[in-house]
Amino acid sequence: MGVHHNGEDSLVVTGADDGMLRAWRTRRDEGNSESDALKWKVHGAHEHQILAVTVYDPLCDDNGQVQAKAQWPKDLSEPLIISACRNGHVRVSHIGDGQLVIPIFHAHSKVVTSLCTCSGVAGSSLTKCIDPFLVTGSEDNTAIVWSMV
């Protein structure tokens, strides 16, 4: 399960045994039904059971302004969903509608069980810039660090 929160929208993103991704609103207005909580779903997001979901939130300053570097892909200036399934595949999706950002890629030879993202560090005169990255962990006894740039 991945969680995304900002002032306008709070979402919980879940993956299921049937390979479906779903995003759920955590805030509901009075009068809205329970079915209004479902923001979107992607049938067949993965071929197999989804075992890990995380949310990448872009690097922001103290005022909430995105601090993406010019050389970073445009997609890194907005929240993304990363999900992984039993066959070792990883999917990167838009948080707004669940659609693919990049093609699904084969990350490991066995089940991917862990996902973690880092938004990066913008850098200053005292610190070096660190590009955003993703770490995947698997039952094949490996962890891989993937650049998101």
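Is V42 buried or exposed? With a relative accessible area of 11%, V42 comes out as buried, and the views below, drawn from a predicted model, return to this residue after a look at the whole chain.

**Figure 1. The whole chain, an all-strand affair with eleven strands and zero helices.** Going from the N terminus, the run of elements reads β-β-β-β-β-β-β-β-β-β-β. The protein has 149 residues, and 38% of them count as buried. Take the contacts with a separation of 6 or more: 49% of these come from residues 24 or more positions apart. On the outside, about 8,300 Å² is exposed, with carbon and sulfur atoms supplying 49% of that surface.

**Figure 2. The largest nonpolar core, a set of 16 residues.** The residues with the most contacts inside this core are I82, V90, L115, L134 and M148. Four strands chip in with at least two residues each: β5 (50-56), β6 (80-85), β7 (89-94) and β9 (112-118). The largest share belongs to β6, with three residues. Apart from this core lies another one, made of twelve residues, and L11, L21, V42 and I81 are among them.

**Figure 3. Zooming in on L134 and the residues it touches.** Leave out anything up to four places away in sequence, and L134 still touches I82, V90, F105, L115, C116, T117, I144, V145, W146 and M148. I82, V90, L115 and M148 in that list also appear, together with L134, among the residues with the most contacts inside the largest core.

**Figure 4. V42, a buried residue at 11% relative accessible area.** V42 lies in strand β4, which covers residues 38-42. Setting aside neighbours within four places in sequence, its contacts are G19, M20, L21, R91, D97, G98 and Q99. Look at Q99 in particular: it is 57 residues from V42 along the chain, yet the two C-alpha atoms are separated by 7.8 Å. V42 and L21, in contact here, both belong to the core of twelve residues.

**Figure 5. Strand β5, with six of its seven residues buried.** That count is why β5 can be called largely enclosed by the rest of the structure. Its partner in this view is β6: the two run antiparallel and are joined by six bridges. One pair to look for is A52, which stands opposite A84 in β6.

**Figure 6. I50, a residue of strand β5.** I50 is buried, and its relative accessible area is 6%. Skipping residues up to four places away in sequence, I50 touches G15, A16, G19, M20, L21, S83, A84 and C85. G19, M20 and L21 are in that set, and these three residues also contact V42. For a long hop along the chain, try T113: it sits 63 residues from I50, and 9.1 Å separates their C-alpha atoms.

**Figure 7. An open sheet of three strands, in the order β9-β10-β11.** The pairing is antiparallel. Strands of a sheet pair through backbone hydrogen bonds, either parallel or antiparallel. At the edges stand β9 and β11 (143-147), each with a single partner strand, so one side of each has no neighbour in the sheet. On average, and ignoring direction, neighbouring strands here are turned by 20° against each other. Between β9 and β10 (residues 133-138) there are six bridges. In one of these pairings, V112 has S138 in β10 as its bridge partner.

**Figure 8. N141, in the loop between β10 and β11.** N141 isn't a glycine, but its phi is positive all the same, at about 65°. It counts as exposed, because its relative accessibility is 73%.

**Figure 9. Cysteines in a structure with zero disulfides.** Where is the closest cysteine sulfur to that of C118? It belongs to C116, at 7.8 Å, which is too far for a bond. C118 counts as partly exposed, with 23% relative accessibility. C60 falls into the partly exposed class too, at 37%.

Terms used
Residues numbered from 1 in each chain as written. Predicted model: local features only at pLDDT ≥ 70, side-chain atom pairs only at ≥ 80, totals over all residues. Heavy atoms only, no water. Core = buried A, V, L, I, M, F, W, Y, C linked by side-chain atoms within 4.5 Å. Buried < 20%, exposed > 50% of the residue type's maximum accessible area, 1.4 Å probe, protein only. Contact = heavy atoms within 4.5 Å. Pairing = 2+ DSSP bridges. Axes fitted to C-alpha atoms, helices over the stretch in contact; angles between N-to-C directions. Disulfide = S-S within 2.5 Å. Areas by Shrake-Rupley, 256 points an atom, 1.4 Å probe, with all protein chains shown as cover.
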